[in-house]
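Student: I would like a close look at a single part of this model, chosen by you and followed outward step by step. Please give the cut-off behind each term when it comes up.

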Amino acid sequence: MNAVVHAKAESRHLLSGNEAVARAAWEAGVRVAAAYPGTPATEILENIALYPDVYSEWSVNEKVAVEVAIGASLAGSRALAAMKHVGMNVASDAFMTQSLAGVVGGLVIVVADDVGLSSSQNEQDSRYWGRFGHMPILEPADSQEAYEMVKRAFDLSEAHETPVIVRMTTRVCHVKAMVVVESGRIERQVPGFQKNPQRWVMTPANAKPRLPLMHQRDRALREASETSDLNTLSSGGDRRIGFVTSGPPFMHVRETFPNAPVLKLGFSHPAPLDKIRAFAAQVDTLVVVEETEPLLETEIRAAGLEVRGKDVLPRFGELAPSVLRPAIKALLGEPHEVAARAQAGLFPRPPTMCASCPHLGPYFALSHIRNLNIVGDIGCYTLGAGHPWNALDTCISMGASLSMAHGMDKGRGESDEKKSIVAVIGDSTFLHMGMQGLLNMIYNRGNVTVLLLDNRSVGMTGGQENPGTGQDLHGLPAPRVDFAKLAEALGIRPERIRTVDPYELPTMVKLVREETKMEEPSVIITNRPCSLTDRFERLRAYTVLDDQCTGCGNCIDLGCPAISVARRETVTAKSGKTKELVFARIDPNTCTGCHMCVETCAPDAIVQPEPQNRVIRIHAHG
Amino acid sequence: MGDGITNILVVGIGGQGVMTAAEMLARAAISQGYDVKKTEVAGMAQRGGVVSSHVRFGPKVYSPQIDAGEADLLIGFEAAEALRWLPHLRPTGVAMVNTLRIAPPVVSAGLYDYPADPIGELTATGIEVHAFDAGALAEQLGNAKLVNTIMLGAISDCLPFPAEVLKACIVEGFRAYKPKLADVNAQAFEAGREAGHIKAVSQRPAA
């Protein structure tokens, strides 16, 4: 039984913000939901997928997801698209124009900003999109609000014929809090697509008359925001500072300054400026607490009000109590005691690749070949930039490796002359936005060696499906793309498409060496599944025979977390040179028996012990 | 716990069950009628990184995050991780620590040192520390995965509600989904509860 799906009306549940969104979408009668996985938004679609009466899918990227939702909305269905903040950049081409045309069935875009970068390449404030695309924004502060606001967002969307943004952050998505579930699903009538070319065919002639209508809608939304009960006032006796805030910072403000008056904006764009003006008149100093950019602050100041904000608070990162307290105390001129105990000076514990990870082989190869510029991409394999491989030179956005590598090839400088350019990309990232870069590189006669690390999953977000895995969001069989055929169709010569078992290290190293020397582009495809998914078969653990280990340390270079240093010894050769020997051990609980390390061991000191149960069986028969 | 809010910080390494343990504490608190919030930094956590889960409960909880110096209880699934998060504990707080040591690859490679005596460093601060080898207890009971329940048993007598409440939450959960494991988890809880009473004594002379 799942708490999200089976929760009865009027019952109380501990739900994450993402689970609460899923429940609300189902109750609101959503018929189509689409997303591409991305932390911290991934679980929204995973939970919507639990409801059989909602059509839900992993789309190949966020633009596609939003377009799927737009199509459903034009047919009259309520539709939802979910994504992380960087997904909005990808999706924006679609919603920037659909916002002009408007919607039929309620259309809600749930975006999750990773404030504090727990698992992202940058920090972005998605509230800009509401301003840029003329779409209202609702900002929940916890799971209960996420649940309520998603339902309200659909009503708002239909009332004003506009897409609505529900802006979450990591501290809503991944915080579990109490939610009182109100009702069951409300099925809605779906009229079907009504043809209306002037409305839906956005040629210049049709789009132009929509512009004044969009601005008229902005004014109506502003009025709705002024009177909305989502913008609430918490009174407080200490009127020295009045806070205007939205999203999780509201919780931090209430926690830190329980006696201060707070105007909380749940319907934060368009901002209810009259309401804010009235609030400002009741307090000595108005302070805006918002994550992360000074958007409300700038608009309030432009409305002629005196306001403080980013002059006293950080412009990035979470505005947690530990950040708010010293900043506001300083503004009030009050002393603030800093906790005296220092953080222990400990080693870091960065994320690592997993035991048997099929990316270990390619990175072992890349770290052993000289004269490469290695252009990377978004996924677990970004970890290849770290210890011990140090074999990834760039990473910015989904699919960028192929196009950036092409540019690096064409823009070679003096130091690059003898270098080969390598692009490293995973299966899902390739299908998301990478294949256009490959097509572009082939078409423009570039020369890049592409390492397509096909581990049959979206690994970093937890092993989701994609068109390369053979299964869909629901785990049902789905058509599976053939990467070799796809590369050939785009124009790579069949001789230059090499499929390889990444566990076969000698072959892996040889192939990368060969292909990087070619005067034409090649694609090397690895074919082992992610070792955290069900597709991976765990085998018996290996062990190091201590008396045979020579301390060469080659297996350590693999970077497998199951292998660690047992001991170090410094020896002096006859020549008088000293050398450090590194003896290895393998953790039997972590090792999954992939045999990659065996390939690195010249003295055959890594062996797979006979299973104990087999020994017992022999005795039984003997 | 003075303001009616109990702050529990559960820390360890991705894959150790930190988030599951925090979820159990949250569910037990809900059963007592508390408002509860639970938050963690996960994301890349299953890849061997640091995991910390914050559980806060009381009459009304606003912020989900536990500030430095505000945790009432610190449950460390690994010795050095308990040390890493020690500044989050109140001077009057209690640290319940599994003595397990897991050195990450950067330590194994010789780039950093693992502290020689993390439990000693914890006790030297004067904070109340309880430390024991939860892995050894789990092995005695025949299942390494019992560490989670053992650690919850160990902390159960430090909670503002009876230990039996937490025990019932865990055992009933197993009874519903994995009934074969219900009894051994009940044993593990009690074994942890007993072990949790042993206070770690500082090996260093008092300052």
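Tutor: The domain bounds used here come from an automatic or database domain assignment. This is a predicted model, in which local features need pLDDT of at least 70 and side-chain atom pairs count only at pLDDT 80 or more, whereas totals for chains, interfaces and linings use all residues. Residues are numbered from 1 along each chain as its sequence is written, while chains are lettered from A and ligands numbered from 1 in the order in which they are written.

Chain A is assigned domain 1 (3–188 + 198–227), domain 2 (231–332), domain 3 (360–526) and domain 4 (543–614), and the C-alpha centres of domain 2 and domain 4 of chain A are 58 Å apart. The part I have chosen is the contact of chain A with chain B, together with the elements of chain B that can be followed from there.

Contact here means that the C-beta atoms of two residues, placed from the backbone, lie within 7 Å. By that criterion, 38 residues of chain A and 41 residues of chain B take part. On the side of chain A that touches chain B, two or more residues each come from strand 8 (176–181), helix 12 (249–256), helix 15 (321–332) and strand 20 (563–572) of chain A; helix 12 of chain A gives the most, with four residues. Helices (H or I, at least four residues) and strands (E, at least two) are DSSP runs, numbered from the N terminus. By residue class, this side of chain A holds 21 nonpolar, eleven polar and six charged residues, where Ala, Val, Leu, Ile, Met, Phe, Trp, Tyr, Cys and Pro count as nonpolar, Asp, Glu, Lys and Arg as charged, and the others, Gly among them, as polar.

Strand 8 of chain A also pairs across the contact, running antiparallel to strand 2 (residues 35–41) of chain B over two bridges; pairing requires that DSSP finds at least two bridges between the strands. Within this pairing, Ala177(A) has Lys37(B) as its bridge partner. Beyond strand 8 of chain A, in the loop that leads to helix 9 (197–200) of chain A, sits Ser183(A), which counts as exposed because it has 11 C-beta neighbours inside 10 Å. For this term, a residue is buried if 20 or more other C-beta atoms lie within 10 Å of its own, exposed if 12 or fewer, and partly exposed in between, with C-beta atoms placed from the backbone. Leaving aside residues up to four places away in sequence, Ser183(A) touches Ala9(A) and Glu27(A).

Lys37(B) leads on into chain B, where its bridge partner in strand 3 of chain B is Arg56(B). Strand 2 and strand 3 of chain B are antiparallel and share seven bridges, while strand 1 (residues 6–13) of chain B is joined to strand 3 of chain B by eight bridges, again in the antiparallel sense. In strand 3 of chain B, Val51(B) is the residue opposite Gly12(B). Strand 3 (residues 50–58) of chain B is largely enclosed by the rest of the structure, because eight of its nine residues are buried.

Helix 1 (residues 18–31) of chain B is likewise mostly covered, with ten of its 14 residues buried, among them Met19(B), Glu23(B), Met24(B) and Leu25(B). At 1.5 Å a residue its 14 residues should span 20 Å, which agrees with end C-alpha atoms 20 Å apart; the expected span is 1.5 Å times one less than the number of residues. Just after helix 1 of chain B, Gly33(B) has a positive phi of about 85 degrees.

Helix 8 (residues 182–195) of chain B also has 14 residues, for which the expected span of 20 Å agrees with its end C-alpha atoms, 20 Å apart. Its buried residues are Asn185(B), Ala188(B), Phe189(B), Ala191(B), Gly192(B) and Ala195(B). These residues cover an arc of only 165 degrees around the axis, so they are on the same side of helix 8 of chain B; the arc is that of the directions from the helix axis to the C-beta atoms. They pack against strand 6 (128–132), helix 5 (134–140), helix 6 (147–155) and helix 7 (163–177) of chain B.
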